[in-house]
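Please open the model in your viewer and keep the selection panel at hand. The stops below are meant to be followed in order, with each selection added to the one before.

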Amino acid sequence: QVQLAESGGGVVQAGGSLRLSCAASGRTFNTYAMGWFRQAPGKEREFVAAISWTGGTAYYTDSVKGRFTISRDNAKNTVYLRMNSLKPEDTAVYSCAAVPEHSSSRLYFRDYEYAYWGQGTQVTVSS
């Protein structure tokens with residue numbers, strides 16, 4: 001089992017940047033594919049980004065392409081989400097998720113495919 005804990009959220013002005021971290025503990029982190037999701041008030045949770053367990057493959061939802069970057073450091077058991085050029089519509093609770101995966105390039109895009117979740121961290125972008 002893997003425990004996940006997000007950090008790095010906060011309040012930022014539009015156009016600003018934040019870097020979210022997701023620290024994992026428990027079983028071997030580097031055999032898990034990881035993802036970031038977000039949920040805004042009154043809306044369903046949506047996929048943001050995913051990364052393979054090797055870090056060699058990543059994918060983003062269209063609305064964040066070119067602005068967000070997902071990365072991971074398996075030696076530190078941590079996955080990151082660098083968010084640049086933030087917009088008010090990026091305001092949401094951001095959660096990381098993990099799923100066991102031994103394929104070096106496999107990604108997951110749907111929340112029900114993930115086995116483990118963190119509690120989430122609030123990101124608020126003011127206009």
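Select Cys22 first: in this predicted model its relative accessible area is 0%, so Cys22 counts as buried, the cut-off being under 20%. Add Cys96, which is likewise buried at 0% relative accessibility, and display the sulfur atoms, since a disulfide joins Cys22 to Cys96 with an S to S distance of 2.0 Å. The structure holds 1 disulfide. Cys22 belongs to strand β3 (residues 18–26) and Cys96 to strand β9, so the pair ties together parts of the chain that are 74 residues apart in sequence. If you set up a dihedral about the S-S bond of Cys22 and Cys96, the torsion comes to about 60 degrees, so the disulfide is right-handed.

**Strand β9 and its partners**

From Cys96, extend the selection to the whole of strand β9, residues 92–100, where 7 of the 9 residues are buried, so that the strand is largely enclosed by the rest of the structure. Which strand is joined to β9 by 8 bridges? It is strand β4, residues 32–39, and the two run antiparallel; to find the register, look at Tyr32, which stands opposite Pro100 in β9.

Next, show strand β11 (residues 121–126), which pairs with β9 in the antiparallel sense over 3 bridges, with Tyr94 standing opposite Thr121 in β11. Strand β10, residues 116–117, is also antiparallel to β9 and is joined to it by 2 bridges; here the residues to pick out are Ala98 and, opposite it, Tyr116 in β10.

**The open sheet of four strands**

Now hide that group and select β1, β3, β8 and β7, which form an open sheet of 4 strands in the order β1-β3-β8-β7, with antiparallel pairing. Which strands stand at the edges? They are β1 (2–7) and β7 (68–73), each of which has a single partner strand, so one side of each is left without a neighbour in the sheet. Neighbouring strands of this sheet are turned against each other by 15 degrees on average, with direction ignored. For a closer look at one pairing, take β7 together with strand β8 (residues 78–83), which are antiparallel and share 6 bridges; the bridge partner of Thr69 is Arg82 in β8.

**Salt bridges**

Switch to a side-chain display for the next stop, because side chains of opposite charge can pair when their charged atoms come close. A search of the whole structure finds 6 salt bridges.

Among them is the pair of Arg67 and Asp90, whose closest N and O atoms are 2.7 Å apart. This pair links distant parts of the chain, with Arg67 in the loop between β6 (58–60) and β7, Asp90 in the loop between β8 and β9, and the two positions 23 residues apart in sequence. Are Arg67 and Asp90 buried or exposed? Both are buried. Keep Arg67 and Asp90 on screen and add Arg38 and Glu46, because salt bridges that share partners join these four residues into one network.

Within that network, Arg38 forms a salt bridge with Glu46, the closest N and O atoms being 2.6 Å apart. Arg38 is buried, with a relative accessible area of 5%, whereas Glu46 is partly exposed at 33%.

Then move to Asp111 and Arg45, whose side chains meet in a salt bridge at 3.4 Å, N to O. Asp111 sits in the loop between β9 and β10 and Arg45 in the loop between β4 and β5 (46–51), so that this pair, with its members 66 residues apart, links distant parts of the chain. Asp111 is partly exposed at 26% relative accessibility, and Arg45 is partly exposed at 36%.

**The whole chain**

Finally, clear the selection and show the entire chain, whose secondary structure comes to 0 helices and 11 strands. Its C-alpha trace spans about 40 × 25 × 25 Å along the principal axes, and the radius of gyration is 13 Å, which agrees with the value near 14 Å for a compact globule of 127 residues. Buried residues make up 43% of the 127 residues. Of the contacts between residues at least 6 apart in sequence, 60% join residues at least 24 apart.

Notes:
Residues numbered from 1 in each chain as written. Predicted model: local features only at pLDDT ≥ 70, side-chain atom pairs only at ≥ 80, totals over all residues. Heavy atoms only, no water. Buried < 20%, exposed > 50% of the residue type's maximum accessible area, 1.4 Å probe, protein only. Pairing = 2+ DSSP bridges. Axes fitted to C-alpha atoms, helices over the stretch in contact; angles between N-to-C directions. Disulfide = S-S within 2.5 Å. Rg over C-alpha atoms; globule rule 2.2 N^0.38 Å. Contact = heavy atoms within 4.5 Å.
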